[in-house]
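Okay, thanks everyone for coming. Have a look at the sequence and the structure on the screen, and then I'll walk you through it.

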Amino acid sequence: MEIEQIKSLIRDVPDFPESGIVFKDITPVLADPIAFSTIVDLIVVHFGRGNVDKVVGIEARGFILAAPVAYHFGAGIIPVRKKGKLPSETIGQEYALEYGTASLEIHKDAVRPGERVLVVDDVLATGGTARAAASLVEAIGGKVCGIACLIELDFLHGRDKVRDYDLLTLIRF
Ligand code: AMP
């Protein structure tokens, strides 16, 4: 399936979750078997089997993409979750949102020293979320080998915040 065809499946939902935000709804992409397998395959092919030990999925839509990507790599999957959701010992990272701050957490023992970790999420907006997830991986001894997002919102310049990493985005608005 062509990437333009997948792009056309993404639904704009104005004023969600709050006024002024145009939410990029990827559920029609996930529901389409060919579109879904195509985006997973493009991520796997870009980073390559044998190059990734663990895949981080960022709550919550990142989980959906990270799981099949990890399976194809033969890699493990690690959840990065909002504050207070992970049950064992965690470290956290606060980061700026467009309005206010948020906090993400990872289990302290989620990677072994030097493991190569790919961070996966649905949308790169301001880049704060992806960068916080990458910092968490590094703080527990992992090496971030890349960041993959289905969508990049060019006008928010999130790419600048993660310029130290190999960034793959499949669809740009
Ligand atoms: P940011 O930290 O600004 O890059 O925001 C990225 C996170 O917020 C991702 O986990 C996205 O799921 C979510 N997000 C931000 N903006 C949007 C948007 N316009 N549509 C859908 N999700 C978004």
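Before we start, one definition: when I say two residues are in contact, I mean they have heavy atoms within 4.5 Å. And keep in mind that this is a predicted model.

So, which residues does Leu118 touch, leaving aside its neighbours within four places in sequence? The contacts are Ile43, Phe47, Val52, Lys54, Val55, Val56, Val69, Phe73, Cys145, Gly146, Ile147 and Ala148. Hold on to Leu118, Val55 and Phe73, since they come up again right now: in the largest nonpolar core, which has 28 residues, those three touch the most other members. As background, nonpolar side chains in soluble globular proteins tend to be buried together.

Where does this core come from? At least two residues each are supplied by α3 (33–47), α4, β7, β8 and β9. Among those, α3 gives the most, with six residues. There's also a second, separate core of 26 residues, and Tyr95, Ala102, Ala132 and Val162 are included in it.

Okay, now the sheet. Strands of a sheet pair through backbone hydrogen bonds, and they can do that parallel or antiparallel. Here we have an open sheet of seven strands with mixed pairing, and the order is β5-β6-β4-β3-β7-β8-β9. At the edges sit β5 (90–96) and β9 (167–172), each pairing on one side only. From one strand to the next, the twist averages 20°.

Let's zoom in on one pair. β8, which covers residues 143–152, pairs with β9 in the parallel sense, over five bridges. In β9, Leu167 is the residue opposite Ile147.

What packs on this sheet? Helix α4, residues 61–73, does, touching β3 (54–58), β4 (76–82), β7 (116–124) and β8, and its direction makes about 165° with that of β3. Then helix α5, residues 128–139, lies across β3, β4, β5, β6 (101–107), β7 and β8, running at about 150° to β5.

Last stop, the largest pocket. How much space lies in there? About 1000 Å³. Its lining has 36 residues, and nearest the centre are Phe23, Arg61, Leu97, Glu98 and Ala125. The elements that each supply at least two lining residues are β2 (22–25), α4, β5, β6, β7 and α5. The largest share comes from β7, with four residues.

So if you take one thing home, try finding β7 on the screen: it supplies residues to the largest core and to the lining of the largest pocket. That's it from me!

Note on methods
Residues are numbered from 1 along each chain as its sequence is written. This is a predicted model: local features need pLDDT of at least 70, side-chain atom pairs count only at pLDDT 80 or more; totals for chains, interfaces and linings use all residues. Side-chain values use heavy atoms; hydrogens and water are left out. Two strands pair if DSSP finds at least two bridges between them. Axes are lines fitted to C-alpha atoms, for helices over the stretch in contact, and angles run from 0 to 180 degrees between N-to-C directions. A nonpolar core is a set of buried Ala, Val, Leu, Ile, Met, Phe, Trp, Tyr and Cys residues joined through side-chain atoms within 4.5 Å. Buried means under 20% relative accessible area, exposed over 50%, partly exposed in between (1.4 Å probe, protein chains only). On a 1 Å grid over the protein atoms alone, a cavity is a set of points where a 1.4 Å probe fits but cannot get out, and a pocket is an open set with protein on both sides within 12 Å along at least five of seven lines; lining residues have an atom within 4 Å of a point. Grid points are joined across faces, edges and corners, and a volume is the space filled by probe spheres set on the points.
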